[in-house]
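Me: I am new to this structure, and I would like a close look at a single part of it. Please take the small sheet and the loop that follows, and go through them with care.

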Amino acid sequence: MISSKKIKTTCSYCGVGCGILASVNTQEKVMVEGDPSHPVNKGMLCSKGMNLHYVVNDTSDRILFPEMRWSRSHPRERVSWDDALDRAAGVFKSIIHKHGPDSVGFYVSGQCLTEEYYIVNKLVKGFLGTNNIDTNSRLCMSSAVVAQKKTFGEDSVPISYEDIELADVFLIAGANPAWCHPILFRRLEKHKEQNPNVKVIVVDPRKTDSANFADLHLQLIPGTDIILYNAIGRRLIETGFVDQNFIDNHTENYLKYRKQVMSVSLSTASKLCGVPIDDIRTAADLIGTSNGFISMWAMGLNQSAIGTDKNFALLNLSLVTGRIGKPGNGPFSLTGQPNAMGGREVGGMASLLAVHKELSNPQHRQEVADFWGVDQISPNPGLSATEMFDALESGKMKAIWIICTNPLVSLPNLKRMEKAMANAKFVVVQDISHRSDTVAYADLVLPAAGWLEKEGTMTNSERRISYLNKGIDPPGEARPDVEILCDFAKRMGFRGFNFSNSEEIYEEYAAMTKGTSIDISFLNYDRLKNEGSFQWPVPEYRHEGTPRLFTDKKFHTPSGKAIFNLPAQIENTSEKPSQEFPFILTTGRVRDQWHTMTKTGKVSRLRTHYSHPVLEMNSIDAYINKVKEGDVVEIKSSNGIVRVRAKLSKNIREGVVFLPMHWGKQLQNDLNRANNLTFTRVDPQSKEPDFKFTTVSVKKY
Ligand code: SF4
């Protein structure tokens, strides 16, 4: 008889962070169901989460043993772990000796567990002596991170999912949570069903499922977000819906903000954004008269050449109305990846250090160096995601180690990224699947353990730390990422990596948080396993976690006040559409796929929603350009070409087209890749790429 054990764990896909009960039978086959006791999802799972067991049970694509090639003219061959890691250590030592520590870099992932993120940052920043470690979270969250730091003094998300049930007006900006954060959206839908007075405003150039659900859809011209949010701010000020007491006592820079928003009339803003003036007034009046106002946003704001400025403009609406630090009120940045926030906590970006310390601050660098027992942390700024690939292309960086991410589908301007990878002297790819397009460029492939095959922790969008349980052994010779990294560190001759398990790594990191604003020094694995998930900070032993920040109106800035940051310019800085490239391309996700499909692409029932990529195009644009439904169209930018079928729609603005970003070379062909077209232009403050604004031409092929 086949019996099974049930294990509590957490979904590995998005930043909602749903609890899962995984049943593992004696043949190590897995089934999943939503965990009814988990505070986030209360038993619900979306299509991706409820099909997670297919991904685990199907090991046909898994990397099972280390593979290595001695030269580019030879194929990779199976090698032992000893040979693989000795070679990695030998090559890294030799490159660093010849070219210095900044000639190597690590590119990691928002899907890494916190312990993995911590160890790789300790290894790179503390011991290899470079700050060249960045993450694919750079592609989705970094604009929000910079804006939150400059507004609140730290990268802090003030609110919780439980605030959803306490609010009555929601502004969803540049996000489609109905598809991309489904369980969070179900909570909002249920709340609105039970409370018809609840109003939802969606800002998006596309009429998405989220926009269809909304009471008010502001279908703006891409790139005009700041003008729109400033116009709403102006209307709030003109109608007196501001919290003057909060502004006077708890903020800085209001008068400059006031001056900026008053400099553009509502009628001018309406023309610039393509949003009717009455809709701008209605949105402002709904926000102003609400009892609880929550803004939610994602990539539509972040993935922009002015992404940080767009974030400022939206955050300023919470400051001007004083809607922060109160139940049912506050700005809520929706994280895309399951552990984008946990990664930031341990310093998982080139510009950050662990426990929210700043790389640019000499005192912070010394504190971290002292904690790790090293002389110093390099003062040289680390390279961000796209900068690392630029450095490989130019030859400044010689070696890259890529963990749990597939940049040759997800980065912009893929032809250029392929050249950069081909130019690298040594490429290590540490991952679970041969379906990654990036594996083809690896000199050394290291098989990693996947979800349910290792333990650790993650932090979701609402600062909730959850424990992920190990239920099964990894296939073949795959090993947990922390084991691989610690083994490599020891072969490099570094002290400080003698951990016998993930719990010891967690304890070292938790001790580092003591006395900081993200203190979890009293939260250990036992509590996480026995009592469930907790929202940081958890600064005392019996502390139950912190659902809401800034309830005392004290912010982390030097003055203790929140800051109205002014967008440097209110107009978009991306290149404008031209005669040659008249359309604005935006890229994004579809409901049932995740990132570059290395996991969701394996599940046949998840491919029924979108079996292949299509270009969403306005029906009038299609008529003018003689394109019919289902025609193959050629989309061109100055970077490259994509050929896919057209899907005509009235739900997208004229002049705007949309392509999903998931498809890579391996699954179809290289003309399906949206990132053939996109540019490496980034926001100068956050270094986040401008995925939401590429000028293209579209012609029937
Ligand atoms: Fe997983 Fe996100 Fe779906 Fe929840 S909403 S089941 S975390 S993919």
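Reply: Strand E20, which covers residues 464-468, pairs with E21 in the antiparallel sense over two bridges. Two strands are said to pair if DSSP finds at least two bridges between them, and the names themselves come from DSSP runs, where helices (H or I) have at least four residues, strands (E) have at least two, and both are numbered from the N terminus. Before going further, please note that this is a predicted model, in which local features need pLDDT of at least 70 and side-chain atom pairs count only at pLDDT 80 or more, while totals for chains, interfaces and linings use all residues. Residues are numbered from 1 along each chain as its sequence is written.

One of the contacts between these strands can be named, since Ile-465 has Phe-534 in E21 as its bridge partner. In general, the strands of a sheet pair through backbone hydrogen bonds, either parallel or antiparallel. Here three strands form an open sheet in the order E19-E20-E21, with antiparallel pairing. Strand E19 (456-459) and strand E21 (534-535) stand at the edges, and each has a single partner strand, so one side of each is left without a neighbour in the sheet.

Beyond E21 comes the loop between E21 and strand E22 (562-563), and Pro-537 is found in this loop. A cis peptide bond joins Trp-536 and Pro-537, with omega about 0°. The loop between E21 and E22 also holds Phe-550, a residue other than glycine whose phi is positive, near 65°. As background to both features, most residues other than glycine have a negative phi, and most peptide bonds are trans.

How buried or exposed is Phe-550? Phe-550 is partly exposed, because 18 other C-beta atoms lie within 10 Å, and the cut-offs are these: a residue is buried if 20 or more other C-beta atoms lie within 10 Å of its own, exposed if 12 or fewer, and partly exposed in between, with C-beta atoms placed from the backbone.

For comparison, another loop, between strand E14 (352-353) and strand E15 (357-358), contains Val-355. Val-355 is not a glycine either, yet it has a positive phi of about 50°. Val-355 is buried, with 23 other C-beta atoms within 10 Å, whereas Phe-550 is partly exposed.
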